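Reader: I'm new to reading protein structures. Could you put one up and let me fire some questions at you?

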Amino acid sequence: MSDNGTSEEQTPIRDVIVIGSGPAGMSAALYAARANLDTLVIVGPQLGGQVAITWELDNYLGFYEDLTGPEFVEHMSKHVQKFGAELLYDMVTGIEFDTAPEGGVHSVTCYGGTYRARSVIVSAGASSRKLGVPGEEELTGKGVSYCATCDGAFFKEHDVIVVGGGDSAMEEALFLTRFAKSVKVVHRREELRAGPLLQERAFSNEKIEFIWNTVIDKIGGEGKVDHVLTSRTDREETGRLDVTGVFIFIGHFPNSDLFQGVLEMDEHNYVIVDEHMRTNVPGVYACGEIADPVWRQVATSVGQGAAAGIAVEEYLSGLDAPRTSAEAELEGVGIDATPEDAPAG
Ligand code: NAP
């Protein structure tokens, strides 16, 4: 018993805690809550995850008319709450997963307290990768940004650059053309990684110029960005671009630090799951970008979340199902076996 009169035993044990509220976590929560499981979603730094800062979602099946990221997040949160999932606006600071073969109780600690559950779905997503060049950290929020949707409007009639050649870079460069005077895409190769549709849109936008085979060496400015220093990747040549905005979209890394040493991960720190979204810890599942180095789409995250929600329901049903006395005996529980269900042989 602690000083305030509560004890570990009195802390309610939920059926499932979902860590993260992006499309994967919300989808998992929906399936869990609809299966009548007591479901707690720990929202994390941003309700909805990365999709919350996406301007437009036009590749999620069924939503073919303008759907913004924030609208999608509102739909998701209303949907999971309609079926009884509880959203907790807090961040996870520590975890203690029970590695018992099955039936363990897992603890998840947030700033506001510790929560316990018989299963956990880890869907903490991914974060924007940094360039790691001088000036980037100091000038973040002062011209350096990782979110055009959030900051684009501050750059009306400014000259900006976008760094990267993937889908995110193209999408965000196109978005920035609504505000900026000019958008230069600086890419380290001379071929984009982005899909053909986004490439086509970007190439045909007259506000966008491409600077190929070039990387950023330094972001400069006193208190706010006023230039970047560059160098060519195909020959010895350096340069300078006078810009006030630097939007960086060079990929993501999984938010898996908290789970290091507990959950098995690949060499890039993505959590390893099997086809049932199971991690190496019984009762702990993972889905979405934290466990997906390949697809990383809203649609694929929603699918993985659904699978995790169903798998958790099956896992808990298995735990709750009455044991036959033969099973109990095999597990050493010591219930007398009747002749019908005694182990064969
Ligand atoms: P990404 O596909 O990994 O692209 C990252 C880009 O940044 C690549 O062009 C890469 O260059 C470049 N890059 C990486 N590290 C760099 C560095 N240190 N310096 C300079 N450039 C660097 O990442 P993403 O665009 O964020 O997309 C992530 C995933 O989300 C993808 O699967 C994508 O399809 C998906 N996504 C989809 C949509 C959509 O369908 N509408 C929108 C956004 C994202 P290289 O090409 O040379 O490797």
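Reader: Let's start with the second largest pocket: how much space lies in it?

Author: Sure, and keep in mind that we're looking at a predicted model. The space in the second largest pocket comes to about 300 Å³.

Reader: Which residues lie nearest the centre of that pocket?

Author: The lining of the second largest pocket has 14 residues. Helix H1 (23-34), helix H2 (69-82) and helix H6 (298-320) each give at least two residues to it. Nearest the centre you'll find Leu30, Tyr60, Phe72, Met76 and His79.

Reader: And how many of the lining residues are charged?

Author: Let's go through the lining of the second largest pocket by type. There are 11 nonpolar residues and 3 polar ones. For charged residues, the count is no charged at all.

Reader: Which residues touch the most other members of the largest nonpolar core?

Author: That core has 35 residues in it. Phe72 also lies among the residues nearest the centre of the second largest pocket. The residues of the core that touch the most other members are Phe72, Ile121 and Tyr285.

Reader: Which element gives the largest share of this core?

Author: Strand E1 (13-19), H1, H2 and H6 are the elements that supply two or more residues to the largest nonpolar core. With 8 residues, the largest share comes from H6.

Reader: What does isoleucine 121 touch, not counting residues up to four places away in sequence?

Author: Isoleucine 121 is one of the core residues that touch the most other members. Leaving out those sequence neighbours, its list includes Val16, Ile17, Val18 and Ile19, along with Ala28. The rest of what isoleucine 121 touches is Tyr285, Cys287, Ala308, Gly309 and Val312.

Reader: Which kind of aromatic pair do phenylalanine 97 and phenylalanine 259 form?

Author: The structure has 10 aromatic pairs. In this one, the rings sit 6.3 Å centre to centre, with 20 degrees between the planes. Planes under 30 degrees apart count as stacked, so at 20 degrees the pair of phenylalanine 97 and phenylalanine 259 is stacked.

Reader: How many residues apart are phenylalanine 97 and phenylalanine 259?

Author: Phenylalanine 97 is in the loop between strand E4 (92-96) and strand E5 (106-110). Phenylalanine 259 is in the loop between strand E16 (252-254) and strand E17 (284-286). Both of these phenylalanines are buried, and the pair links distant parts of the chain, 162 residues apart.

Reader: Which residues do ring pairs link into a cluster?

Author: Two members of this cluster came up with the second largest pocket: Tyr60 and Phe72 lie among the residues nearest its centre. Ring pairs link them with one further residue, which makes the cluster Tyr60, Phe63 and Phe72.

Reader: Why is helix H4 largely enclosed by the rest of the structure?

Author: Helix H4 covers residues 167-176. Its buried residues are Ala169, Met170, Glu172, Ala173, Leu174, Phe175 and Leu176. Their cover includes helix H3 (148-151), strand E9 (159-163), strand E10 (182-186), helix H5 (196-203), strand E11 (208-211) and strand E15 (245-248). So H4 is largely enclosed because the number of its 10 residues that are buried is 7.

Reader: Is threonine 279 buried or exposed?

Author: Threonine 279 is in the loop between E16 and E17. Leaving aside neighbours within four places in sequence, threonine 279 is in contact with Leu263, Val271, Ile272, Val273, Val284, Tyr285 and Ala286. Its relative accessible area is 11%, and buried means under 20%, so threonine 279 is buried.

Reader: What about proline 12: buried or exposed?

Author: Look for proline 12 in the segment before E1. Its relative accessibility is 55%, and the cut-off for exposed is over 50%, so proline 12 is exposed.

Reader: Where is asparagine 36, and what is its phi near?

Author: Asparagine 36 is in the loop between H1 and strand E2 (39-42). At 71% relative accessibility, asparagine 36 counts as exposed. Its phi is positive, in a residue other than glycine, and is near 70 degrees.

Reader: Last one: how many helices and strands does the protein chain have?

Author: The protein chain has 345 residues, and 47% of them count as buried. Its secondary structure comes to 7 helices and 17 strands.

Key. Residues are numbered from 1 along each chain as its sequence is written. This is a predicted model: local features need pLDDT of at least 70, side-chain atom pairs count only at pLDDT 80 or more; totals for chains, interfaces and linings use all residues. Side-chain values use heavy atoms; hydrogens and water are left out. On a 1 Å grid over the protein atoms alone, a cavity is a set of points where a 1.4 Å probe fits but cannot get out, and a pocket is an open set with protein on both sides within 12 Å along at least five of seven lines; lining residues have an atom within 4 Å of a point. Grid points are joined across faces, edges and corners, and a volume is the space filled by probe spheres set on the points. Helices (H or I, at least four residues) and strands (E, at least two) are DSSP runs, numbered from the N terminus. Ala, Val, Leu, Ile, Met, Phe, Trp, Tyr, Cys and Pro count as nonpolar, Asp, Glu, Lys and Arg as charged, and the others, Gly among them, as polar. A nonpolar core is a set of buried Ala, Val, Leu, Ile, Met, Phe, Trp, Tyr and Cys residues joined through side-chain atoms within 4.5 Å. Buried means under 20% relative accessible area, exposed over 50%, partly exposed in between (1.4 Å probe, protein chains only). Contact means heavy atoms within 4.5 Å. Rings of Phe, Tyr and Trp (its six-membered ring) pair if their centres lie within 6.5 Å; planes under 30 degrees apart count as stacked, over 60 as edge-to-face and the rest as tilted.
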